[in-house]
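Welcome, and thanks for taking a look at this one with us. Here is a short briefing on charged pairs and enclosed space, to read alongside the model.

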Amino acid sequence: MLDTLSPSVVRAPRRSPLAPPTASRVPGVIELRQYTLHPGRRDDLITLFEREFVETQEAEGMMLLGQFRDLDEPDRFVWLRGFADMAARREALARFYQGPAWRAHRDAANATMIDSDNVLLLRPAVSGPALRVSAPPPARDAAAPEQARVVICLHYFDAPVNAEWLAHFEQIQRPWLEGMHARVLATLVTSNTPNDYPALPVREGEHLFACILQFADEAIHERCDRQLQAAWRIGAQPHRTELLRLAPTARSRMGRDFPHARED
């Protein structure tokens, strides 16, 4: 989230009409952001983030999709936000990072962070929207869905993800996952569009397929975890696979009855 508001940052554009908070909105661009935090500061950042940065980002046209505690890394905070397209992303980021909410709380937020540059810029893996957002974020007093688990499977390839892998996922992996009671929230690939908001760096030159899964509770997740890791080693072969095992925070859309619709 780090943005120093240096003089090189693009001036915030004039505000354009935005969809109302309850309107159905479809992200064509999604950021997967992984922050390494100072030891013991994760809950401090989550408290600040969910008090000050949810409504204020949504008001600028961003879609807060999910915020998570990494179950394997106690000092890592993972979150996703979406934008209609790259132009909307550039404009929304400029408005937010030059706006009053970030100016007021950026020092407190940045004080919790060691690194905020581990960011993947993703797009839907197939034509049409990968997921649909049609409800506001959970209320400020919402309780965390303690049993829900979200797993983001990242598959690294040596070249852009091809049609063979996507067909393999749809024909083999998706039915297998759904048979394990995993809810497939989204399938994404890395975007090759240049990052046009350089004040916020993203990882470049990588080729990934990302699958976001939701499990109803810890018991189902634990039962499936070992099989899940083995299953990604059949069929088309990425050169590396990384699993992010995540617990949703109180105001995360993902990890509860997240409204989404896969469109064929």
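Which residue forms a salt bridge with Arg-253? The partner is Glu-58, and the closest N and O atoms of the two are 2.9 Å apart. Please keep in mind that this is a predicted model. Across the whole structure, a search finds 18 salt bridges, and a few of them are picked out below together with the largest cavity.

**Arg-253 and Glu-58**
- Arg-253 sits in the segment after strand 8 (240-248), while Glu-58 belongs to helix 2 (residues 55-58), so their contact ties together parts that are 195 residues apart in sequence.
- Both partners, Arg-253 and Glu-58, are buried.

**Glu-31 and Arg-89**
- Glu-31 pairs with Arg-89 in another salt bridge, with 2.8 Å between the closest N and O atoms.
- Because Glu-31 lies in strand 1 (residues 29-37) and Arg-89 in helix 3 (residues 86-97), this pair ties together parts that are 58 residues apart in sequence.
- Glu-31 is buried, and Arg-89 is buried as well.

**Asp-43 and Arg-69**
- A salt bridge also joins the side chains of Asp-43 and Arg-69, at 3.0 Å from N to O.
- This pair links distant parts of the chain, with Asp-43 in helix 1 (residues 42-52) and Arg-69 in strand 2 (residues 63-70), 26 residues apart.
- Asp-43 counts as partly exposed because its relative accessibility is 45%.
- Arg-69 has a relative accessibility of 26%, so this residue counts as partly exposed too.

**A shared network**
- If you follow the partners from one salt bridge to the next, you can trace one network made of Glu-31, Arg-33, Arg-81, Arg-89, Arg-90 and Asp-196.
- The buried Glu-31 and Arg-89 pair described above is thus part of a network of salt bridges that share partners.

**The largest cavity**
- How many cavities of 30 Å³ or more are there? The count comes to one.
- The volume of the largest cavity is about 30 Å³.
- Its lining is made up of Ala-125, Val-126, Leu-166, Phe-169, Glu-170, Thr-187 and Phe-209.
- Helix 5 (residues 163-179) provides the largest share of that lining, with three residues.
- Sorted by class, the lining of the largest cavity has five nonpolar residues, one polar and one charged.

Definitions and conventions: Residues are numbered from 1 along each chain as its sequence is written. This is a predicted model: local features need pLDDT of at least 70, side-chain atom pairs count only at pLDDT 80 or more; totals for chains, interfaces and linings use all residues. Side-chain values use heavy atoms; hydrogens and water are left out. A salt bridge is a side-chain nitrogen of Lys or Arg within 4 Å of a carboxyl oxygen of Asp or Glu. Helices (H or I, at least four residues) and strands (E, at least two) are DSSP runs, numbered from the N terminus. Buried means under 20% relative accessible area, exposed over 50%, partly exposed in between (1.4 Å probe, protein chains only). On a 1 Å grid over the protein atoms alone, a cavity is a set of points where a 1.4 Å probe fits but cannot get out, and a pocket is an open set with protein on both sides within 12 Å along at least five of seven lines; lining residues have an atom within 4 Å of a point. Grid points are joined across faces, edges and corners, and a volume is the space filled by probe spheres set on the points. Ala, Val, Leu, Ile, Met, Phe, Trp, Tyr, Cys and Pro count as nonpolar, Asp, Glu, Lys and Arg as charged, and the others, Gly among them, as polar.
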